[in-house]
Amino acid sequence: MLVGWDSRVEASRSVREALDLLAGAEEVRVALVDPEATCTGNGAEPGADIAAYLTRHGARVSVDRLASAGKPVAMVLAQHAIDTSAEMIVMGAYGNRRLRERVFGGVTRWIVGKPSLPLFLAR
């Protein structure tokens, strides 16, 4: 399973709601696209907190920090899911206001429009 992680409330909620699925998965890969170490949000070691949380709940976790190289985040996540043979993507949905997302696009809109594998989304 692949978790699209960005330290936002929506991502946290999706992980919490999918916890039973994640704990029972053979492997959980937490993917961060262009993460930045900050004192808020990601912390000093991006992905470490969510990996520790999932590990405490029985998941076998690895953290993948991905560079976007100018590509949209959704495209990077989708390609990483394919490259790692993920069976499902777990991620937060509609982190931006829906109207803004509808007008300008966004990760949720793109990834929902290209369903190559099951999605577990939470807002």
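Biologist: Happy to look at this with you! How many helices and strands does the protein have?

Modeller: This is a predicted model, so let's walk along the chain. From the N terminus on, the elements run β-α-α-β-α-β-α-β-α-α-β. The secondary structure comes to 6 helices and 5 strands.

Biologist: Nice. In what order do the strands lie in the sheet?

Modeller: The sheet is open and its pairing is parallel. As background, strands of a sheet pair through backbone hydrogen bonds, either parallel or antiparallel. From one strand to the next, the twist averages 20°. Across the sheet the order is β3-β2-β1-β4-β5.

Biologist: Which strands stand at the edges, and why is one side of each left without a neighbour?

Modeller: Each edge strand has a single partner strand, so one of its sides has no neighbour in the sheet. The two at the edges are β3 (61-66) and β5 (119-122).

Biologist: Let's turn to β4. Which residue of β4 is the bridge partner of G4?

Modeller: Strand β1 covers residues 2-4 and strand β4 covers residues 89-92. These two pair in the parallel sense over 3 bridges. The partner of G4 in β4 is M91.

Biologist: And on the β5 side, which residue is the bridge partner of I89?

Modeller: Here β4 and β5 pair in the parallel sense, over 4 bridges. In β5, I89 is matched with L119.

Biologist: Are I89, V90, M91 and G92 of β4 buried or exposed?

Modeller: I89 and M91 point one way from the strand, while V90 and G92 point the other way. Whichever way they point, all of these residues are buried.

Biologist: Now the helices. What angle does α3 make with β3?

Modeller: Helix α3 (residues 48-56) packs on the sheet, where it touches β2 (28-33) and β3. Its direction and that of β3 make about 160°.

Biologist: Which residues of α4 are buried?

Modeller: Helix α4 (residues 73-83) lies across β1, β2, β3 and β4, and runs at about 155° to β2. Its buried residues are A74, V76, L77, A78, H80 and A81.

Biologist: What comes just after that helix: is the phi of S85 positive or negative?

Modeller: α4 is followed by S85. The phi of S85 is near 55°, which is positive.

Biologist: Why does T84 count as partly exposed?

Modeller: T84 is found in the loop between α4 and β4. Buried means under 20% relative accessible area and exposed means over 50%, so T84 falls in between. The value for T84 is 21%.

Biologist: What separates the C-alpha atoms of T84 and L2?

Modeller: Along the chain, T84 and L2 are 82 residues apart. In space, their C-alpha atoms are separated by 8.5 Å.

Biologist: How many residues in the lining of the second largest pocket are charged?

Modeller: About 190 Å³ of space lies in this pocket. Its lining is M1, L2, A25, E26, E27, R29, T84, S85, A86 and E87. By class, 4 are nonpolar and 2 are polar, and the number of charged residues is 4.

Biologist: Last one: what share of the residues in the protein is buried?

Modeller: The protein has 123 residues. Among contacts between residues at least 6 apart in sequence, 72% join residues at least 24 apart. The buried share of the residues is 38%.

Terms used
Residues numbered from 1 in each chain as written. Predicted model: local features only at pLDDT ≥ 70, side-chain atom pairs only at ≥ 80, totals over all residues. Heavy atoms only, no water. Pairing = 2+ DSSP bridges. Axes fitted to C-alpha atoms, helices over the stretch in contact; angles between N-to-C directions. Contact = heavy atoms within 4.5 Å. 1 Å grid on protein atoms, 1.4 Å probe; cavity = no way out; pocket = protein on both sides within 12 Å on 5 of 7 lines; lining within 4 Å. Points joined across faces, edges and corners; volume = space filled by probe spheres on them. Nonpolar A, V, L, I, M, F, W, Y, C, P; charged D, E, K, R; others polar. Buried < 20%, exposed > 50% of the residue type's maximum accessible area, 1.4 Å probe, protein only.
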